[in-house]
Structure formats: C-alpha cells, structure tokens
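This report describes one helix and one sheet of a protein model. Please consult the sequence and the structure shown here while reading.

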Amino acid sequence: MSAAVLSVFVEQAKTKYILENPKSASLYEKACLYMPGGNTRSVLHVDPFPLTFVKGEGANATDADGHSYVDLVGNYTAGLYGHSNPTIRSALLSALDAGLSLCSATPYETDLAQAVCDRFPSIEQVRFTNSGTEGNLMALAAAKAFTKKEKILVFGHGYHGGVLLFPDEKEPHGITVPHGFVVGRYNDVERTRQIIKGNASQLAAVLVEPMLGSGGCLPASREFLQMLRTETQSVGALLIFDEVMTSRLSPGGLQLTTGIIPDLTTLGKYIGGGMPFGAFGGRRDIMALFDPRSPSYIPHAGTFNNESLSMKGGYVGLTEVYTPEVATRHNENGDAFRARLNNVAEGTSMRWTGIGSLMNVHFSPKKCETVQEIFGLKDQSLRSLLYFDMLKAGFHLAKRGFIALSLEVTPEHEERFCEAVKEFLDRHQEFVRLQEA
Ligand SMILES: Cc1ncc(COP(=O)(O)O)c(C=O)c1O
C-alpha cells in the first residue's frame, strides 16, 4: 500500500481529532495570540494543535474536552511519580508551609545532596540547577576549567538540552551554544577512538547519554562506553554521562548497571520530585572548582538552585518513594512490558527499543541496531497514525512514540495498551507488513 494512502489515513485521523477536541482547539487559538505557535516547549506541539490537559490524577490525565487518558508520556521521564503521589504531595506542602524564598542555605539541599551522592557511584559531590540543560552547561564549564582544554566530543542524535542538541553528525548549528564541539557517531567504537586520539591535546570532555533518550531509546553498547572510559583517561579528558533521563533506569542510573563510572554526571527530570530540577556532580577534585572558600573558585549562580520545593520533593522522592528496591522492580516491569509489546509486534515492522521503564517505537522492516538505521527511516506517518489511534483508545504517549512509565501505571493499563497496539497492527496490516527479504 502506498505512502499516499497512508497519508490519507493520517489526515482522516487528524480530522476526527479536530472534531473531537473543540475546547483544546479554541484554547490553542488563544495561546497563539500570545506565544509563537501557541507554544512554550517545542516538544509539546502537535499538528494540528496539542490537547490541553486540565487535570492529572495517579496515572490519568484529563483534557479540556473531558477525555481521560492513561498518561504514558510521564512528562518525558520527569513524571515518574505520577500526578498526585501522596508522599511527594505532603513533602511539597510541608516545604510550602515552611515558607518559600528563604534566600539562605536550607537543610533540604544537604539532604537531597546526600541522597544523590549515596545513589550514583560517580557522584562524590553535587550542585543543583533548575534544569538538565543547565546541569550540562555547568558540567562542560567545569570540564574546560579543570582540563584547561577546549574541545568537547558529543554524538549525533544526542540531546543534552535546549541549547545542546545535535540532531545529526554534522557541525552543530541553530541555537547550540558555541563550544568547540566535535560530533561523533554514537556506538561507533573505532571511529570514536580515532577522534579522541586525534584530538588528544585539545579534548576537555566527552559528553554522552548512556542511552539516547530523545534519539529513540537506543542504548549505548557496553563496548562503546568502556572505550570512552579508557580513551578519555588516556588523553586526560573528562567523561561526562548525561543521565538526565537514564538515572531512573536502576537505583544508580546506567553507570551502576554498566559499572562504567564517569568523572562527572548530569541529572534532571524526576529527581526534583516533579518540580523543576537539574544537577551536575562527580569527582570531588573536579567539583572543588566551585568551592567558594577558594580564592580562584568558579562561580555557579542561580536564584532558584536550592529552592525548597524541588529539594524537599526530590529528597522524599528518592528516599521514600523511588527507593533502590522500587527502582529495580519498576525497571524489571518495564523490560517485561517492552518484551510483551515486541511479542505483539512480532512479524510486523513495529519495534520497541529501550531499557527498563523507557521505550520508543520504531517502524522498520528489520531490527533497529544503530542510530543510523533508526534515523534512516524516512516515513514517520505510522508514528503519527499510532499517536492518534492510541488517543482514541485512551492512551497518551509522546507523538514520537516515546513512553516513560510512571509508578502509577498498573499491569492492567499495560495489558490494555498491548491490546490497543495489537488492534492497531491488525487494523493497519497493509502498512506494517514486513517487506519480503
Ligand atoms: C538526556 C537529556 N539531557 C538533558 C536534557 C535537558 O533537560 P531539561 O529539559 O531539564 O533542560 C534532557 C531533556 O529532555 C535530556 O533528555
């Protein structure tokens, strides 16, 4: 069946969506008056307009037109705790009751700092920011100051924040901050080794996600991470793991499961208990750069770096809700769920990649092994069709086919989702049939 027929199906799905969501449509029209494209976070834009959600409870979110969905986006990993976790809620209320904007050190940040250092093997000391983007910016500044070198190796399809995005393997462009970036190929062991050796005298750091998050939930190979560890050590560059997304994939992130320990780690998302959050931390000798008792310290500013809600919510979240045992169980469950989805998809072009509670759908005639294969796939229409069909079935996933399971998602939700995916595949057999070898 041709791509033209598929795009007719997508257009039909959009037409139904428009008819069924008049209130979201009119709220979007109003938003367009005051914000470009009616939007203040690009990833939330949906063509023809995004749904406006007005309430969230547990695993469910309700839109302005009264439709209720099981939320499988989980705020792109930040929504791990769901929408109304009672323990987090009471922690936030108690911080609120103690008064905001104290403009001082508080006990909360030390508690959270201790919890973070206890959990992540590379983090001896930590500093907080308000976003993962800022955490990465600060980690890069630290690496350059510590090594007194200039270049940073990153990887195509890596995402490290709104001003640190590398959509392909070309020179960064657009709004990426102007560091001396070299862009490598993710999971390409030999080529990357040569880049590191070739830039030895100038390389300050390698910044890498141990699994590409926005890039399609594609895990780094162990061999790749191990090579990065060995080669950075040999040329005197720092290895920085961006675990903003992946830190939830075990009690201590992917650094714990792989046993490969970076010099610095950046964090974000759920660690603030659902509040705005970011962090960077690592070796004590590197973090000492920021010690204000030293005459030559590097300033690290930020009005809200230690604001009480994220510090308190984050601490309670890590120590009382997402305990090591819960983290392990949650990700075992995610692995089993992804395996079930791949079972349902057996014999079709649908594939689910990921680790633990994070996964992404791809439509590919063969198993997706590399980033190049995934991004070589030209037609994203099936993802659009899946997005609109899943909304009809009562599930909200990211439009790029990304799922981040919250702690509120139950086996019953998962069962129903597998059923809905099966129906999708049956309904659209002609588009998901595997090509003849
Ligand atoms: C791996 C990774 N790093 C950094 C960031 C940026 O975090 P924030 O959106 O909090 O700035 C993100 C956000 O999606 C991310 O996925």
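Helix 10 holds many buried residues, among them Ser 308, Leu 309, Met 311, Gly 314, Leu 318 and Val 321; buried means under 20% relative accessible area with a 1.4 Å probe, counting protein chains only. The model is predicted, so local features need pLDDT of at least 70 and side-chain atom pairs count only at pLDDT 80 or more, while totals for chains, interfaces and linings use all residues. Residues are numbered from 1 along each chain as its sequence is written, and side-chain values use heavy atoms, leaving out hydrogens and water.

Eleven of the 14 residues of helix 10 are buried, so this helix is largely enclosed by the rest of the structure. Its cover includes helix 3, helix 4, strand 4 and helix 11; contact means heavy atoms within 4.5 Å. Helices (H or I, at least four residues) and strands (E, at least two) are DSSP runs, numbered from the N terminus.

An open, antiparallel sheet is formed by three strands in the order 15-16-18; two strands pair if DSSP finds at least two bridges between them. Strand 15 and strand 18 stand at the edges with a single partner strand each, so one side of each lacks a neighbour in the sheet. Strand 16 and strand 18 pair over three bridges, and Leu 358 has Ala 404 in strand 18 as its bridge partner.

Two helices lie against this sheet, as tabulated; angles run from 0 to 180 degrees between N-to-C directions of axes, which are lines fitted to C-alpha atoms, for helices over the stretch in contact.

| Helix | Strands touched or crossed | Angle to strand 15 |
|---|---|---|
| Helix 11 (residues 324-344) | strand 15 and strand 16 | about 170 degrees |
| Helix 14 (residues 411-427) | strand 15, strand 16 and strand 18 | about 150 degrees |

Key
Buried means under 20% relative accessible area, exposed over 50%, partly exposed in between (1.4 Å probe, protein chains only).
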